[in-house]
Amino acid sequence: MAESQLLILDKKQIQQKINRIAYQILEDNLNEKEIVLAGIWDRGYKLALRLKKVLTKISDLKVTMLKVELDRVSTKLIASTDLDETHWKNKVIILVDDVLNSGKTLAYGLGVFLNTPHKKIRTVVLVDRSHKIFPIATDFVGLQLATVLKEHVDVVMDVEGEEDKVYLS
């Protein structure tokens with residue numbers, strides 16, 4: 001870790017946040033038999049996989065994993081998923097990403113599901129930086145963090161040879 005990086009969450013704290021979010025998702029979906037965890041590739045998807053692991057341990061919910069890939073530099077919504085819409089039609093969709101910055105990524109991620117009927121859509125982020133320029137609300141948040149625009153939040157998860165951590169630089 002470089003001098004200019006401040007550790008915000010360590011491995012244990014990340015897991016605590018994931019556990020808490022999983023229980024919140026369960027409470028929000030007590031009458032559901034199945035939910036769809038739609039993880040934004042790639043760190044959002046990694047977070048969704050961690051949530052699935054906890055959810056299957058604490059509940060009988062069937063959890064369908066969905067990978068959402070977005071063109072983050074495009075000014076138009078360009079997205080693809082690894083499953084077709086029959087897998088999320090008329091179901092609860094939980095859109096997962098690691099960090100909420102401007103809200104653009106989550107807004108584009110939501111766009112994937114707008115032409116398909118669903119029960120409800122919820123959003124999950126590990127860190128919400130509070131710099132939204134899109135009208136996006138986060139339903140489940142690990143950590144709300146006030147940062148200045150020039151600061152950067154890095155989430156390191158499932159990187160070979162590195163321990164999970166979140167830091168500010």
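**Values set against their definitions**

Author: Aspartate 158 is placed in the loop between β8 and β9 (165-168); strands are DSSP runs of E with at least two residues and helices are runs of H or I with at least four, numbered from the N terminus. The model is predicted: local features need pLDDT of at least 70 and side-chain atom pairs count only at pLDDT 80 or more, while totals for chains, interfaces and linings use all residues. Residues are numbered from 1 along each chain as its sequence is written, and side-chain values use heavy atoms, with hydrogens and water left out.

Reader: What is the phi of aspartate 158, and why is this residue called partly exposed?

Author: Phi of aspartate 158 is near 55 degrees, a positive value in a residue other than glycine. Buried means under 20% relative accessible area, exposed over 50%, and partly exposed in between (1.4 Å probe, protein chains only). Aspartate 158 has a relative accessible area of 44% and is therefore partly exposed. Asparagine 90 also has a positive phi, near 60 degrees; this asparagine is found in the loop between β4 (79-81) and β5. At 45% relative accessibility, asparagine 90 counts as partly exposed.

Reader: How do you know that the peptide bond joining tryptophan 41 and aspartate 42 is cis?

Author: Omega is about 10 degrees for that bond. Aspartate 42 belongs to the loop between β2 and α2. Most peptide bonds are trans.

Reader: What makes the contact between aspartate 98 and arginine 43 a salt bridge?

Author: A salt bridge requires a side-chain nitrogen of Lys or Arg within 4 Å of a carboxyl oxygen of Asp or Glu. The N to O distance for aspartate 98 and arginine 43 is 2.6 Å, so the pair satisfies the rule. Aspartate 98 stands in strand β5 and arginine 43 in helix α2, 55 residues apart. With a relative accessible area of 7%, aspartate 98 is buried, whereas arginine 43 is partly exposed at 37%.

Reader: Which partner forms a salt bridge with lysine 119, and how many salt bridges are counted by this rule?

Author: The partner is glutamate 32, with the closest N and O atoms 3.0 Å apart. Lysine 119 lies in the loop between α3 and β6 (120-128) and glutamate 32 in the loop between α1 (11-28) and β2 (34-40), so the bridge ties together parts that are 87 residues apart in sequence. Lysine 119 is exposed at 54%. The count comes to eleven salt bridges.

Reader: Which residues lie nearest the centre of the largest pocket, and what is its volume?

Author: Arg43, Arg72, Asp98, Val99 and Asn101 lie nearest the centre, out of 21 lining residues. The volume is about 350 Å³. A pocket is an open set of points on a 1 Å grid over the protein atoms alone, where a 1.4 Å probe fits, with protein on both sides within 12 Å along at least five of seven lines; lining residues have an atom within 4 Å of a point. The volume is the space filled by probe spheres set on the points, which are joined across faces, edges and corners. Strand β5 gives the largest share of the lining, four residues.

Reader: Which residues touch the most other members of the largest nonpolar core?

Author: Of its 34 residues, Ile25, Ile35, Leu37, Leu51, Leu55 and Val166 do so. Such a core is a set of buried Ala, Val, Leu, Ile, Met, Phe, Trp, Tyr and Cys residues joined through side-chain atoms within 4.5 Å. Another core, of 19 residues, lies apart from it, with Val68 and Trp88 among them.
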